[in-house]
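Here are some short exercises to work through with the model open beside you. Try each task before reading its solution.

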Amino acid sequence: MILSLKDTIHNGIKFASSSQKNDKKEPFDRDTLLKNNILTNFRISSDKFLNACTIYPAKGITGNKNSNFYEFLTMGTVPYIIGSVMLMSVFNSANKHFDAFSKSNASKFGKKMALGVLFYGIAKELSKPLITQPVKLATGVDVDLPYAKVNYELPDFKDDTDITSIEYHKVFESVEFPRWDLLYGDETKGQKRNYYYDRVAKKLGLGSNLKDSDQEVKPRIKEIATKAIAAKNIVPYLWAGVGVGMAFQSCWDNFFGIATAKFWHGRKFFKTIKSFGNNLVESAKELYTGGIKPTKGAKIGGKALIFTAFIATILADLNIIYSNKKPAVKTASAVIQKDRKYIIN
Amino acid sequence: METSLINNYITSAKSSQTAYSPAKNELQKTNINPQPKGLKPLQGQGKLVGLSVIDAPVLMTQGLAYDAKSLKNGLKGDSNDHQLGQINDIGMKLGGLGIAFYLFTKKVSPLAKSMEFVGFASFFASMALWPKIAIQLPARIIHGVDVQQKYKDSQGRVKPFFQDPQYIPWDLYSEKEINKIGDRLGVSRDIENRRDFVQEKMKKIAVQNNTLWMLTAGFATPVMSALICNALEKPILNLQDKMRNKKTDKILDNVESLANKKDYGATTKNLDTLLDLNKNAPITKKLLEEITLNLSPGIDPRTRKALVKDLSRKFIRDAHVMDEKAVDVTLNSIKAVLADTLDEKQIKEIVPSIDEFKTFLKTNDWYQKELDTRLLTKVKTKIVQFITRRADASDIGEFNAEQVNSAVSDILTDPAGHRVREIININPLKASPASKLDESIISSIKAISTRLQSFMKSSEVLDDYAYSKVAKAPETALANQWNKISDNLIELFDFSPKDIKDAKLDRTIARDIFRDKIENIVADDAKYSAVMDKLVNMVKGIDDKIKPESIEKYHNIVDELYSTLAFDLDELGLGETANKFDSWRQKINTLERTRDLINKKDTSREAREIAENNLKKWGLSVQDMNDIIWDYHSGEMDKAQKLNLVKKLSNMSTEGKGSLNRLKNAFINERISGVKNTFFRLIDTLDLYRRISKGDFGISMPDTMSREIREELIEFAKQMLITGHSSDYEIKGYFKRNLNPSEETGPIVIENGKVKYQHYGKVKGVDISWDYNFYKNFMRFVYANRTDDRGIYSHVMDPKTAEILEKHGIMDQQVSYNKDFYYKIGGSEYFQKLLHKTADGIKATSEEKFLLVGLAPDQLIQKAVNKTFNSKVWFKKFAAFGAALLGVTVLAQFFFGKIREPKKAQVNK
């Protein structure tokens, strides 16, 4: 049975028969804008990761009719994580069978490879704010603003009452259909309807107290979001390259010589952390200079890797913040030309 | 039956439509689905995208164009969602390329460099291929459904058809296509809403497969990528080896043109700047050292030192000038040394002013004049007298006047030990050398630089050749050939996986397994022929890659290059430097020694043989030798004739001990020998085991000899050949023998290639250091058959081995190796076993001996075993994992798409 969503949400009509109790309590009863902070992001990531490893594959592999594109995309984390572990394994797990000399050489490379995989992911994630934060500061547009979407599913069986699921999306996830509606204030709660758009308009220098600030800034926000997402889809990969480059420096050989993951060995573990920090700085230096006995190429290669990522980040930020397009502010006279004939169907 | 959602919706929409209800006549006009004018949707332009191979290039080009457009729009802020998704792919590939590029720059060897890009490409290829091979293809075969079907939407965007299970554009599939898939899925033809059911089933299969893809891709992509790289490594290496070798072979034909391409512009510029800055400056040793640093980079420090000496001799005259500077330094030095005993006033009184001193010098006609050492001594004496006179005339007292005399005399002789050293550390009178860096010297230096640079350019080209062919680096022609042979040894000697596993543990185990295999092979004629043939063919492969005639050509070019440079430097008055490059004068001496060796009656047979061989090697006849010596001593040759003589002697470079010429030639020779000798030794080992298996013990073991000693000899030879290091040969072997061997002379018992020892091993034994005959017999048994009355070397070899070596054309090389081994290793002295020698008076360097012994066969095989084991264990692990993953992925799909069929449609009878 399909019921109108309007009825289910606003009139409180439930799919469940009144005798049955719905045990599952979803944290949201409607699409809700969330704050973009560490805590929320951690909660969202954990929820998505947990679902990607449990519920979504279970639904997908049984061909559940409610499986959707969101779940498919969220499951993309699974090959990412497994792939990283596998990549480390490919270069390390067989080494123990080798003779001592080969083992030592293979392990040296294998450990760097594993570190490279780790640094790839870390550098990629850590570099994203290099795009989003300057944009947020300069324009007031937070392209990573999350919201919880309440998703209504088809019942899996006749008396299935658990027909909602929560999906975590971003307001500007789709630049074609951003969730503008979530950015309006709730006037019934005393909020200003255009509070968000007013703030952005002010930041963008379009002025304060605009009549229809939402209409004025939406095209600019869309442009900013599009450029920012495009940049976010390229620049972090360049920083990931820098991460891998750092992982492949010879200074890490010293680190692997003393490193221990046994945190209960207090001093040794502390030494490991200290050495990691020192070698992290050293690896950045080696990447820049080419390290000990560098090849001609490595002298240039490291610098090229760093500067490409750095310059790309700066250019991307500038490109996002500054617009070539003229502001959307137009006077009525500019829109309606008195000497022209208009036909309205 | 599943609820048909669309039908439900249509039904409910029809019944509850309140927002818009067109008039009846309107409905009649439009007949179905009445809609107001102007709201009619556009006709859909979407279509399914086929998988035709022919379309692939077009689709790929379109894809690239779309990517470029996406990026452009993204930067302008005009992208749509689909384009932004594409940009992510571009970013991922750009990042990957960046990593590959950086790691490429870090690697040195060509294969490692290439593999960075192969790794990058294989990773992305695996990402794309896994879903095709493990998901799409099996699903198509099992269910007849293309779960990775793509479609082009009305805006021309290519998207996966089943991407969003909640939005599948089913209208792109025709009724006929759906029915066909339904038939393939085994859906009954007569069920209600067959199309809906088939679609539901297809959707379910697609959702399940997409999930399976997500779950398996993480495991599959890295493994598949690694396996692809593993499979491609060898073909890429072979291809690169061929290309590189071809390129290198051309170097020797184009040394001149390639040398002209070498850029020494920066060096010339530096030298010019240095000479300009010091124009007309006094030439000091320090200045000459600076000049030589900029004359030509790449000259070793010893040669540079000789060059400084030569230049000093050439440009610095032993004369100095008493000019302004010398006057200043001299007076200041005298003042400084007198400050120890006199006060300022007294010093002022005694030491003349600059003008007074100049007048004094002018009076003697010394001012601004060039003064040689003899004259300078006179000047010193006069100055001391001049100062002393002034001291006497002053009121400092007689005793102090004497002190002044002594101090001034000292300081003008040598300032060492005086505080004056702070002012000058040489004789103050020599403060201004007479030799100045004038135009003519500058042009001389530039001429030397031009000559040296032209040499260095050619030398660099030759280095490129030598590096690519034989350098101790990965992937040179020699290294590749070494790897090729050692990799094949495992297969050649038929090592089973168990043998490999055992042999990798320990050298002794490897030795025993290898020895056992050799003994089995040599006992079987057919096997022996096959193994030896393959081995010799592989060794011959080294010559195919590094042709002896090319090496000969290389030596000739090197010899001529160094000889002519040495001659030219000699002509330029830089004799000591010339000697460092190539001593052609020394060659004449060597020729004279050779002539003496050949002509003198008391020369030993071996020495004469060597001298004659050397002459042959240098391409000279006895007459040539005599002519050259005569011409040289006649002293009537002009420059051209001398140069001609030098060229004639150029092949003799190996005799110019310590010269750079010799070093250059020795490097390439030693590298090749180092590799070849290891395999020649392996051939010798097989041959020896073969002869033993055939009971062919040669003249060194007559039947009259004690059987126990013969058994000891056999075992010693077997052990030395298979395991002996150069140190073992250096100490003439260490082998425990019976001090009181049995005198029994029965025959040696041989079974299946192995000797059944009747005596050997029954007593503990000791190494008998005084039995030199035992050592000599061992060397003869393995390497030489000295039956020739004239004492000329003749080799000893199994007929089959000889036949195969002849067939592949490397018999001469093998014999030459055996001969060198016999004389140079056998002829070396060991202080504890002085008489353990095969010949007297044979000299060989430690390096030569080390290279002759090469790598012991058991070590060679153990290295090969380890390498094979490593790659096999890795491959086995991940290939098995990959295969299992593929199996599970495919198998799982047999359980997909299970939906109970709805009731059959009722047919009215």
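**Exercise 1.** How many bridges join β1(B) to strand β2 of chain B, and do they run parallel or antiparallel?

*Solution.* A note before we start: this is a predicted model, in which local features need pLDDT of at least 70, side-chain atom pairs count only at pLDDT 80 or more, and totals for chains, interfaces and linings use all residues. Residues are numbered from 1 along each chain as its sequence is written, chains are lettered from A and ligands numbered from 1 in the order in which they are written, and side-chain values use heavy atoms, without hydrogens and water.

Step 1: strands are DSSP runs of E with at least two residues, and helices are runs of H or I with at least four, numbered from the N terminus. Two strands pair if DSSP finds at least two bridges between them.
Step 2: β1(B) and β2(B), residues 150–152, are joined by three bridges and run antiparallel.
Step 3: for a landmark, look at B:Leu48, which faces B:Tyr151 in β2(B).

**Exercise 2.** Place these strands in their sheet and find which strands of chain B are at the edges.

*Solution.* Step 1: the open sheet has three strands in the order β1-β2-β3 (chain B), with antiparallel pairing.
Step 2: β1 (47–49) and β3 (158–160) of chain B are the edge strands, each pairing on one side only.

**Exercise 3.** Now trace the sheet in chain A and state its strand order.

*Solution.* Step 1: the order is β1-β2-β3 (chain A) in an open sheet of three strands, paired antiparallel.
Step 2: β1 (32–33) and β3 (164–170) of chain A each have a single partner strand, so one side of each lacks a neighbour in the sheet.
Step 3: count the bridges: two between β1(A) and β2(A), residues 146–152, and seven between β2(A) and β3(A).
Step 4: check the partners: A:Leu33 is opposite A:Tyr147 in β2(A), while A:Asn151 has A:Ser165 of β3(A) as its bridge partner.

**Exercise 4.** Is β3(A) largely enclosed or left open by the rest of the structure?

*Solution.* Buried means under 20% relative accessible area, exposed over 50%, and partly exposed in between (1.4 Å probe, protein chains only). Six of the seven residues of β3(A) are buried, so the strand is largely enclosed by the rest of the structure.

**Exercise 5.** Where is A:Phe310 found, and is this residue buried or exposed, or in between?

*Solution.* Step 1: A:Phe310 belongs to helix α12 of chain A.
Step 2: its relative accessible area is 44%, which makes A:Phe310 partly exposed.
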